[in-house]
Amino acid sequence: MFKETAQLFKAAAPLLAKTTLWKEVRISSTHGGSSVHGHRYFNVTCSLCAKVPPRKKPRIKVDIPGLERITYGDRMHYVPGLAKPSFPTWVRDWNDPSHYYAPKEEEMPLHKEKSCFIFNQRTNALEGVRQALWLTKSKLTNGLPDQVLSLAENEANQIENQDERVQNAIRHARFWDTTEERPSRDHFCVALLRSLIHLCGSLQVSHPGLGRRILAEKYSLAATWSRGEDLFQVRGQNGLLLNSMAPLPVLAGKEEVQSTADHVLETFYPISPTIDLQSVQVYEEQNHTGFKADYPYPHAHTLFLLEAGDTPVTLLPEQLRAKMIMFAFGNALARAHTLHGTKPGVLEQPIVVQSVATNGRMFQYVVFQLNTTDLQADEGVKNQVWVENDQLLYDFAKVRPLIKKRVVQIPPGLSGYKPETFQKFLSLYLHGAV
């Protein structure tokens, strides 16, 4: 019986191989021999495993002047040996959405020959901060301004049992707010940031100005400017924005702003400043803050960016700081265009926007002051940026200890808490309300 079955499979194998996939399995029979059985895969066919056929090259029709083709168009039916007639495209007299053909890109009514370079939340700038400084025509200063850092040093502006409550907020995000052995970054990063914002908001009793703010999420920004011979735009959703009824106070005075005209912008030749930016055709050069004109909280205060697992792209710290600078600049520029129009020039009242980014453990701080909207040339007054990078809030938060060679390297729980990092966070939050 086994030998007859094997012969049938061998005879039918060439025919079956053309239609489906078969696998030969050799099994031993009860009489000590062996036979070949075919097993069919019902989930895969040859058409799925075969290579994609090459695309047919379009046939080029050659028109020879003075020679007319003899077609079967007059006879109204196909005639072998005669050429196929070409008829003009039929245009309907009515609007049929199911048979709509979009016009060519060059025939669009708002088409522009000059493309626009877009910076969005997915952009990974190669040169990082240096590229952002050139795009925004800004001067970099390491460290936060002294007038901002001094806010949290005053005991009247500190939270009661500040260090203990901050450590409890970290433990809540890393240990208490999850049932998993190791919570994901997109979970504890959001929980920690919102806990710190809520903790800073508890000072509203002693500082009523904190109550004139509101958090906005998933708003869309659009800011357009010219730099050199190119057109640039910052747009898209970019994190959690803290809005205020009143603008932030100016950090640099008029003399310091005028002194930025002597600063020479750093270049990174032969790399182009537009590297890693998306080149698209922008029909309308929009400038929009993302909120209506009658919004009661029109001024951008602080932009919070999360480097969590659900973000579209994971950025290195250098590229993350560049993203913070670009979107802080975009919020300030959109606000300047709303107040003063799109005519470039030096602002009488500079606009200040802050930015904070975190991955749940390390914090980045940026303060941007927009002094001018004349960004086309390298000469003249520059904008100003203050950057405080790579500030650890704590060293480790372990559920279980890390043991190597029977020695506890890292104990369980929270270790290495650094209070100065939260003081800078609190200083930025209190800025404008003290």
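**Figure 1. The whole protein, seen through its surface and its fold.** In this model, the protein exposes about 26,800 Å², and carbon and sulfur atoms supply 53% of that area. Keep in mind while browsing that the model is predicted. Buried residues account for 39% of the 434 residues in the protein. Its secondary structure adds up to nine helices and 17 strands. If you like to think in contact maps, take the contacts between residues at least 6 apart in sequence: 74% of these join residues at least 24 apart.

**Figure 2. A close-up of Q162 in helix α5.** Here we zoom in on Q162, which belongs to helix α5, a helix covering residues 162-176. Q162 has a relative accessibility of 8%, so with the cut-off for buried set at under 20% it counts as buried. Which residues is Q162 in contact with, once its neighbours within four places in sequence are left aside? They are F422, Q423 and L426.

**Figure 3. A close-up of the patch of positive charge around K61.** On the surface, four residues come together in a patch of positive charge: R59, K61, R69 and K84. For one of them, K61, we can add some detail. K61 sits in the loop that runs between α2 (46-49) and β3 (116-119). Is K61 buried or exposed? Its relative accessible area is 58%, and since exposed means over 50%, K61 is exposed.

Definitions and conventions:
Residues are numbered from 1 along each chain as its sequence is written. This is a predicted model: local features need pLDDT of at least 70, side-chain atom pairs count only at pLDDT 80 or more; totals for chains, interfaces and linings use all residues. Side-chain values use heavy atoms; hydrogens and water are left out. Helices (H or I, at least four residues) and strands (E, at least two) are DSSP runs, numbered from the N terminus. Buried means under 20% relative accessible area, exposed over 50%, partly exposed in between (1.4 Å probe, protein chains only). Contact means heavy atoms within 4.5 Å. Patches are made of residues with over 30% relative accessible area and no salt bridge: like charges are joined within 9 Å, nonpolar side chains (Val, Leu, Ile, Met, Phe, Trp, Tyr) within 5 Å. Accessible areas come from the Shrake-Rupley method with a 1.4 Å probe; for residues, only the protein chains shown count as cover. A salt bridge is a side-chain nitrogen of Lys or Arg within 4 Å of a carboxyl oxygen of Asp or Glu. Lys and Arg count as positive and Asp and Glu as negative; His and the chain ends are not counted. The place of a charge is taken as NZ of Lys, CZ of Arg, CG of Asp or CD of Glu.
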